[in-house]
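Visitor: Hi, I've just opened this one and could use a hand finding my way around. Can we go through it bit by bit?

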Amino acid sequence: MSNGLHERLREAGGSKSYRHIGELTNTHPETVRRYMQGQAPAVEFIAAFAHAMGLNIDWLLTGRGPMKASEVKAYTLSEANASELLTAMANTIEDLITRVERLELFLNTLESRVRAAWSPPASSSQTDRPTPHHASAATADHGQAQAKPDATLEAKPVHAADRRRAGSIADALPGGPRADAGGTPPAHGA
């Protein structure tokens, strides 16, 4: 078996010099020469050699399959039976379904956050004018300046143009606004 490995190493190396193979694999040229002429190669060298030459590692180690890594997929598909192909297709479809479900959850979460961040104020008495977070409120009975309790708990005012833009972004998502995303559900048949 080792004899076959060395034959495949020489075949894949072709007319490349030991120095060139050494540069490709980060191996001293003298070590490359010994490996190519029969000494048992290190695992690191075999991996680096296969990667540098674009080889199918299975072919390099055992002689099975195509020589080039780029030909493995076509070879595997041509050698597979119908049952193996159907199983591979079913596994791929299941993986795609899982990814689509995760993407849908992400989009729903994103839409909810966009709508929550840009929704109109709860009371109609608030305006679109920004309220500075560092403003002080005067007490009615003492006339002293008093800091607001916690500016981070205040709702940040949003300009009408920003709300319209956020709404149009959320509405542009596939399927339009969703009932579970804080928006109004799309009308049936719309």
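Visitor: Let's go with salt bridges. How many are there in the whole structure?
Guide: This is a predicted model, and a search of the whole structure turns up four salt bridges.

Visitor: Which residue does Arg-33 pair with?
Guide: Arg-33 pairs with Glu-30, and their side chains meet at 2.4 Å, N to O.

Visitor: Where do those two sit relative to each other in the helix?
Guide: Both are in helix H3, three residues apart, so about one helical turn separates them.

Visitor: And how accessible are they? Is Arg-33 partly exposed or buried?
Guide: Arg-33 counts as partly exposed, at 27% relative accessibility. Glu-30 is partly exposed too, with a relative accessible area of 32%.

Visitor: OK, what about Asp-95, which residue does that one bridge to?
Guide: Asp-95 bridges to Arg-99, at 3.3 Å from N to O. These two are four residues apart in helix H7, which covers residues 82-117, so again they are separated by about one helical turn.

Visitor: Exposed or buried, that Arg-99?
Guide: Arg-99 is exposed, with a relative accessible area of 53%. Asp-95, on the other side of the bridge, is partly exposed at 36%.

Visitor: Got another one for me?
Guide: Sure, Arg-64 and Asp-58 also form a salt bridge, with 3.6 Å from N to O. Arg-64 counts as exposed at 53% relative accessibility, while Asp-58 is partly exposed at 32%.

Visitor: Let me zoom out. How many helices and strands does the chain have?
Guide: There are eight helices and two strands. Going along the sequence, the pattern reads α-α-α-α-α-α-α-β-β-α.

Visitor: What share of the chain is buried?
Guide: Of its 190 residues, 22% count as buried.

Visitor: And what about contacts between residues far apart in sequence?
Guide: If you take the contacts with a separation of 6 or more, 52% of them come from residues 24 or more positions apart.

Visitor: On to the inside, then. Which residues touch the most other members of the largest nonpolar core?
Guide: That core has 15 residues, and the ones touching the most other members are Leu-9, Ile-21, Phe-45, Phe-49, Leu-55 and Leu-60. Helices H1 (2-13), H3 (29-36), H4 (43-53) and H5 (57-62) each supply at least two residues of this core.

Visitor: Which helix gives the most?
Guide: H4 does, with five residues.

Visitor: Why would nonpolar side chains be buried together?
Guide: I can only give you the general tendency: in soluble globular proteins, nonpolar side chains tend to be buried together.

Visitor: Back to Leu-9. What is it in contact with, leaving aside its neighbours within four places in sequence?
Guide: Leu-9 is then in contact with Tyr-35, Met-36, Pro-41, Phe-45, Phe-49 and Leu-60.

Visitor: I'd like to hear about H2. At what angle do H2 and H3 pack?
Guide: H2, residues 18-25, packs against H3 at about 105 degrees, with the axes 8 Å apart. That angle makes H2 roughly perpendicular to H3. On the H2 side the contact uses Tyr-18, Arg-19, Ile-21, Gly-22 and Thr-25, and on the H3 side Pro-29, Val-32, Arg-33 and Met-36.

Visitor: What kinds of residues are those, by class?
Guide: The contact of H2 with H3 has five nonpolar, two polar and two charged residues.

Visitor: How about H2 and H4, at what angle do they cross?
Guide: Roughly 100 degrees, and their axes come within 9 Å. H2 is therefore roughly perpendicular to H4. Ile-21, Leu-24 and Thr-25 of H2 meet Phe-45, Ala-48, Phe-49, Ala-52 and Met-53 of H4.

Visitor: And the classes there?
Guide: For the contact of H2 with H4, seven residues are nonpolar, one is polar and none is charged.

Visitor: One more spot: where does Asn-26 lie?
Guide: Asn-26 lies in the loop between H2 and H3, and counts as exposed at 76% relative accessibility. The phi of Asn-26 is near 60 degrees, a positive value in a residue other than glycine.

Visitor: What sign does phi have in most residues?
Guide: Most residues other than glycine have a negative phi.

Terms used. Residues numbered from 1 in each chain as written. Predicted model: local features only at pLDDT ≥ 70, side-chain atom pairs only at ≥ 80, totals over all residues. Heavy atoms only, no water. Core = buried A, V, L, I, M, F, W, Y, C linked by side-chain atoms within 4.5 Å. Buried < 20%, exposed > 50% of the residue type's maximum accessible area, 1.4 Å probe, protein only. Contact = heavy atoms within 4.5 Å. Axes fitted to C-alpha atoms, helices over the stretch in contact; angles between N-to-C directions. Parallel < 35°, antiparallel > 145°, perpendicular 65-115°, else oblique. Nonpolar A, V, L, I, M, F, W, Y, C, P; charged D, E, K, R; others polar.
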